[in-house]
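Grab a pencil and work through these exercises with the viewer open. Each one sets a task and then walks through a solution.

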2 protein chains.
Amino acid sequence: MKLYGYFRSSAAFRVRIGLALKGIEAERVPVDLVGNQHFAAAFTAVNPQARVPALEVEGRVLVQSLAILEWLDETHPNPPFLPADPFARARVRGLADVIACDIHPLNNLAVLRYLADPLGHDEDAERVWYQHWIALGFRALEAMLAGSRDTGRFCHGDAPGLADICLVPQVFKARRYKCDLAPYPTLMRVFEACMAVPAFDRAQPDKQPEAAAR
Amino acid sequence: MKLYGYFRSSAAFRVRIGLALKGIEAERVPVDLVGNQHFAAAFTAVNPQARVPALEVEGRVLVQSLAILEWLDETHPNPPFLPADPFARARVRGLADVIACDIHPLNNLAVLRYLADPLGHDEDAERVWYQHWIALGFRALEAMLAGSRDTGRFCHGDAPGLADICLVPQVFKARRYKCDLAPYPTLMRVFEACMAVPAFDRAQPDKQPEAAAR
């Protein structure tokens with residue numbers, strides 16, 4: 001397997017956690033988003049969407065972090081990313097999607113660049129934008145986690161899963177953009193539990209080879 | 001089952017298609033997003049995220065359209081929304097996520113409102129923003145669909161599935177915002193094939209009771 005990623009990409013971070021949890025070592029191909037390597041023909045031939053992550057497996061290319069994680073879970077069932085019960089699976093996917101569909105897409109590099117040009121906003125407006133969508137999403141997540149008996153040491157029960165895999169990179173980004181995380185005690189408790197798991201810790205941006213090379 | 005939705009919400013539209021494909025009649029509860037009914041306590045008690053759709057089933061509430069669709073598919077397997085092969089499932093989920101994670105989140109009501117206030121942009125800038133993210137996503141989808149032998153009458157093979165369920169509401173929105181769809185012949189061919197299926201046709205915004213009541 002070959003993982004095309006970028007150390008600071010939250011979506012690539014999710015897949016790094018997923019691979020580590022499953023105990024899979026993938027060859028790593030860094031794609032420097034800040035240097036626009038994702039727009040180079042060498043990469044758009046791999047993924048026409050010009051986004052990371054992309055996972056090359058047996059000559060096929062899988063794209064979109066959640067689709068990759070579901071594939072990983074279907075083909076390498078242990079440890080599972082999703083519980084067995086359909087209602088519980090819907091809960092975990094719902095928590096993951098609050099992050100993957102309602103927070104992260106508003107805060108990725110392409111959007112922040114568009115806010116600067118053509119919209120002409122400065123870094124302050126960018127930070128306020130970022131913090132707004134994080135606060136909106138984290139407030140909902142905190143209510144969903146704190147209000148459910150299904151929440152355990154992790155987002156669902158006492159083993160990490162798909163929701164935790166999405167949560168951790170989003171908290172890293174929130175810290176980077178200096179969001180106030182005090183209003184989300186349940187979410188932060190789960191985050192700390194995740195970071196005590198080696199698979200999450202090893203996958204963090206600053207522990208990637210590209211980060212060390214900077 | 002009880003579906004909380006709004007006739008113009010793309011995410012609710014996805015779930016309407018899904019229910020119709022599975023032959024499920026759900027009680028319908030309209031939540032007027034333009035009138036801010038989603039922020040009312042009566043609805044945030046149902047879904048703390050204050051978003052539609054939400055599906056109430058046996059006293060539980062499922063949220064996030066993709067999580068709801070996966071639940072529907074797991075509990076009502078026929079007709080399937082996903083193929084059986086894991087690589088094929090990853091392809092379909094990847095196509096769906098290009099729309100659900102990279103196009104739709106940038107163009108929903110909350111974001112368009114934020115562009116107006118506090119960012120102070122007018123309707124023209126809003127339309128350019130909308131068209132930008134649609135074009136970026138549809139260009140990628142067109143390449144992914146046109147470049148694969150797995151594409152059939154629908155996004156994957158000759159039966160509609162999860163990717164088609166996401167595609168159709170996004171094309172409706174693109175038309176509403178007057179996007180030029182000529183550059184996406186494969187995507188539009190699939191759209192037309194979907195609209196010939198009664199489940200897709202019946203789920204469209206203008207055929208909902210709330211639309212008729214306006």
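**Exercise 1. Register of a strand pair**

Task: Find which residue in β2(B) stands opposite B:Y4, then work out how the two strands run.

Solution. One thing before we start: this is a predicted model. Now the steps:

- Step 1. Look across from B:Y4 and you land on B:V29 in β2(B).
- Step 2. Zoom out to the whole pair: strand β1 (residues 2–5) of chain B is joined to strand β2 (residues 27–30) of chain B by four bridges, and the two run parallel.
- Step 3. Now follow the chain between them. Together with helix α1 (residues 10–22) of chain B, β1(B) and β2(B) form a right-handed β-α-β unit.
- Step 4. Check where that helix sits: α1(B) lies across β1 and β3 of chain B, and its direction is at about 150° to β1(B).

**Exercise 2. Building the sheet of chain B**

Task: Start from β1(B) and add the remaining neighbours until you can write down the strand order of the sheet in chain B.

Solution.

- Step 1. β1(B) also pairs with strand β3 (residues 54–57) of chain B, antiparallel this time, through three bridges. To pin down the register, take B:K2: its bridge partner in β3(B) is B:E56.
- Step 2. Move on from β3(B). Four bridges link it to β4(B), again antiparallel. Here B:L55 has B:L62 in β4(B) as its bridge partner.
- Step 3. Put the pairs together and you get an open sheet of four strands in the order β2-β1-β3-β4 (chain B), with mixed pairing.
- Step 4. Mark the edges: β2 and β4 (60–63) of chain B, each of which pairs on one side only.
- Step 5. Add the twist. On average, neighbouring strands of this sheet are turned by 20° against each other, ignoring direction.

**Exercise 3. The sheet of chain A**

Task: Write down the strand order of the sheet in chain A and pick out its edge strands.

Solution.

- Step 1. The order reads β2-β1-β3-β4 (chain A), an open sheet of four strands with mixed pairing.
- Step 2. The edges are β2 (27–30) and β4 of chain A, since each pairs on one side only.
- Step 3. For the twist, neighbouring strands are turned by 20° against each other on average, direction ignored.
- Step 4. Look at one pair in detail: strand β3 (residues 54–57) of chain A and β4(A) are antiparallel and share four bridges. Within that pair, A:V57 has A:R60 in β4(A) as its bridge partner.

**Exercise 4. Two partners of α6(B)**

Task: Decide whether α6(B) is roughly parallel, antiparallel or perpendicular to α4(B), then do the same for α8(B).

Solution.

- Step 1. Helix α4 (residues 86–102) of chain B packs on helix α6 (residues 123–146) of chain B at an angle of about 180°, with the axes 10 Å apart. Over 145 degrees counts as roughly antiparallel, so α4(B) is roughly antiparallel to α6(B).
- Step 2. List who touches whom. From α4(B) come B:L95, B:V98, B:I99 and B:D102, and they meet B:G137, B:A140, B:L141 and B:M144 in α6(B). Sorted by class, this contact has six nonpolar residues, one polar and one charged.
- Step 3. Turn to the other partner. α6(B) and helix α8 (residues 185–195) of chain B pack at about 80°, with axes 8 Å apart. That angle makes α6(B) roughly perpendicular to α8(B).
- Step 4. List this contact too: B:F138, B:L141, B:E142, B:L145 and B:A146 in α6(B) meet B:T186, B:L187 and B:V190 in α8(B). The tally is six nonpolar, one polar and one charged.

**Exercise 5. How the two chains meet**

Task: Work out how chain A is related to chain B, and which element gives the largest share of the side of chain A that touches chain B.

Solution.

- Step 1. Superpose the copies. A turn of 180° with a shift of 0.0 Å along the axis lays chain A on chain B with an RMSD of 0.0 Å. The two copies are therefore related as by a two-fold rotation axis.
- Step 2. Find the axis in chain A: the nearest C-alpha belongs to A:C101, 2.4 Å away from it.
- Step 3. Count the contact: 33 residues from chain A and 33 residues from chain B.
- Step 4. Assign chain A's side to elements. Those giving two or more residues are β4 (60–63), α3 (65–75), α4 (86–102), α5 (109–116) and α6 (123–146) of chain A. The largest share, 11 residues, comes from α4(A).
- Step 5. Sort that side by class: 20 nonpolar, six polar and seven charged.
- Step 6. Compare the two sides. Since 100% of the interface residues of chain A are also interface residues in chain B, the copies meet through the same surface.

Methods:
Residues are numbered from 1 along each chain as its sequence is written. Chains are lettered from A and ligands numbered from 1 in the order in which they are written. This is a predicted model: local features need pLDDT of at least 70, side-chain atom pairs count only at pLDDT 80 or more; totals for chains, interfaces and linings use all residues. Two residues are in contact if their C-beta atoms, placed from the backbone, lie within 7 Å. Ala, Val, Leu, Ile, Met, Phe, Trp, Tyr, Cys and Pro count as nonpolar, Asp, Glu, Lys and Arg as charged, and the others, Gly among them, as polar. Copies are superposed by least squares on the C-alpha atoms of residues with pLDDT of at least 70 in both. Two strands pair if DSSP finds at least two bridges between them. A crossover is right-handed if, with the strands pointing away from the viewer, the path from the first strand over the helix to the second runs clockwise. Axes are lines fitted to C-alpha atoms, for helices over the stretch in contact, and angles run from 0 to 180 degrees between N-to-C directions. Angles under 35 degrees count as roughly parallel, over 145 as roughly antiparallel, 65 to 115 as roughly perpendicular and the rest as oblique.
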